[in-house]
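User: Please take a close look at one part of this model and explain, step by step, what surrounds it. I am new to this structure, so please give the cut-offs behind each term as you go.

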Amino acid sequence: MELRPSRAPADSEGRAAAYSRRARLISEPENVVPACEIVAVEETEIDKKQCDSGKWQKMSKPHAFTVHYIKRARNHRWRCSEITFWCIDEQLCNQWIQALKELLDSQKSRPKRLLVYINPYGGKRQGKRIYEQKVAPLFNLASISADVVITEHANHAKDNLFEVNIYKYDGIVCVGGDGMFSEVMHGLIGRIQKDSGIDQNNPKTPLAQCSIRIGIIPAGSTDCICYATVGIIDPETSALHIIVGDCQPLDVSSIHHNNTFLKYSVSLLGYGFYGDILKDSEKKRWMGPMRYDFSGFKTFLSHQYYEGTVSFQPAKGTVGSPRDKESCRTGCHICRQTKQLEEQQKNYGLEHKEVEDEWKVIKGKFLAINAVNMSCACPRSPKGLSPAAHLADGSADLILVRKCSRFNFLRYLVRHTNQDDQFDFPFVDVYRVKRFQFTSKHLEDNESDIKDVGKKRFGQFCSDHPACCCNLANSTWNCDGETLDSSAVEVRVHCQLVKLFARGIEIYKDEAAYNLSSNELLS
């Protein structure tokens, strides 16, 4: 491969622009790389062996520089590849290096300084090794400085974010699983609200948006958020998204109980089946990731249902519906249109106007109540809990699974692993909402009877009948993999509250088609 410039630009002002038009990575066949996907440019040392080999031996004193760029592999995987260009003239070689570096410096979205939190205990306890071996070398190559903090206990990162000067950083990176991301997100949102003088305990107060982006380096037991926003669980791919400065807005749900703030959620808020799984799995952490499979099987056999009332406000201002089969992808027009509509409402003073008659109320017996801000896709469930859920449309998909037989519930769960419509059951309802509330109905039985039933509920396989006595009063809320003991909650979706170093899941037929369609080509 070689670089064939026509001539050096005459003036320094148009140097970067001129080179950006003519710079091409030439091979067989020709490859074109977007400027935004160049990682770094550096001068290349040429040893005597290289000078004496091939056609370069005809050059009296060749000079070279290397361009590191993103190369796409299968399944949304990115790799840092490189290509070396040779030149006879040292001055011309330096001009190319300078011009390309100026081109990279002009991209203001790229981070220069990051704050990195590493969870050394998450997943298989490989967070520190993953960062040092796979991520740090790429950050150094891209001239990104990083202040690294190894967390020592739960909420270490969250507490630290209230103390450090976060505004001197271009982003915050968490190395770990969904729990680590949740901790960093809570710390960042809480810090921004504190600095803005906003009371998080008021469920009706609009929250201040966080301009500082969050990067996720997957290294945990579950990496659902990374998978749903990048398309793959791969540390190098995520590091490259951070380096090029990608930005993906993300909706966040706030959860309150009696005017008291509880948690934020960005993926799954689940009551019933998924709450019971989490509660049981927490007692078996010694089993590692296998605890979720064991607890899931145990919870399925117990077949618990819970009575309660769900009230929700439909998301009338959003585009699309949970069953339109239009997945959220890079540059999603639904998320973009929703944001534009929200801004128009702000300009006309219609923001946060509540209409009481817009609320709908549903009472019943539920096996599961799930609210998702994203598809919640993962390798085991490529479509997720709600395939058409969007990352940044200011709404959540509320999924109500009513009481049904164990066989029908199994059919519903199996639908998460194939391409069939998982909402095509008479006992499953799904709504796109902006806000919702849930209040459980406590059993009127004697407390001692409930305790006796609770002790033997796993050994008793109940059938689908109204007289089932193995029903418990309350379940537990599963909030992004953490338990919430309050059964009565009030949930509100905040549109695009945080931003990630991601671009959503790309969709294209092949690498060449994507590269040639980019509007930021070096051609």
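Analyst: Pro-218 lies in strand 7, which covers residues 213-218; here helices (H or I, at least four residues) and strands (E, at least two) are DSSP runs, numbered from the N terminus. This is a predicted model, in which local features need pLDDT of at least 70 and side-chain atom pairs count only at pLDDT 80 or more, while totals for chains, interfaces and linings use all residues. Residues are numbered from 1 along each chain as its sequence is written, and side-chain values use heavy atoms, with hydrogens and water left out.

With a relative accessible area of 4%, Pro-218 is buried, a term that means under 20% relative accessible area, as against exposed at over 50% and partly exposed in between, with a 1.4 Å probe and protein chains only. Its C-alpha atom is separated by 8.4 Å from that of Cys-174, although the two residues are 44 residues apart along the chain. If its neighbours within four places in sequence are left aside, Pro-218 is in contact with Ile-130, Gly-176, Asp-223, Cys-226, Ile-233, Asp-234, Pro-235 and Ser-238, where contact means heavy atoms within 4.5 Å.

Two of these partners, Ile-130 and Pro-235, lead on to a pair of helices. Helix 4 (residues 127-141) packs with helix 8 (residues 235-243) at an angle of about 30°, and their axes are 10 Å apart; such axes are lines fitted to C-alpha atoms, for helices over the stretch in contact, and the angles run from 0 to 180 degrees between N-to-C directions. Helix 4 is therefore roughly parallel to helix 8, since angles under 35 degrees count as roughly parallel, over 145 as roughly antiparallel, 65 to 115 as roughly perpendicular and the rest as oblique. The crossing of helix 4 with helix 8 is right-handed, meaning that the near helix is turned clockwise from the far one by less than a right angle, whereas anticlockwise would be left-handed.

On the side of helix 4, this contact is made by Ile-130, Lys-134, Val-135, Leu-138 and Phe-139, and helix 8 contributes Pro-235, Glu-236, Ala-239, Leu-240, Ile-242 and Ile-243. By class, the contact holds nine nonpolar, no polar and two charged residues, with Ala, Val, Leu, Ile, Met, Phe, Trp, Tyr, Cys and Pro counted as nonpolar, Asp, Glu, Lys and Arg as charged, and the others, Gly among them, as polar.

From helix 4 the picture extends to a sheet. This open sheet of three strands has the order 1-2-3 with antiparallel pairing, two strands being paired if DSSP finds at least two bridges between them. Strand 1 (38-44) and strand 3 are the edge strands, each pairing on one side only, and neighbouring strands of the sheet are turned by 20° against each other on average, direction ignored. Strand 1 and strand 2 run antiparallel and are joined by six bridges, and Glu-43 has Phe-65 in strand 2 as its bridge partner. Helix 4 packs on this sheet, touching strand 1, strand 2 and strand 3, and its direction makes about 65° with that of strand 1.

Strand 2 (residues 63-72) also pairs with strand 3 (residues 78-87), in the antiparallel sense and over ten bridges, with Cys-80 in strand 3 as the bridge partner of Ile-70. Together strand 2 and strand 3 form a hairpin with five residues between them, and Asn-75 in the turn has a positive phi of about 60°.
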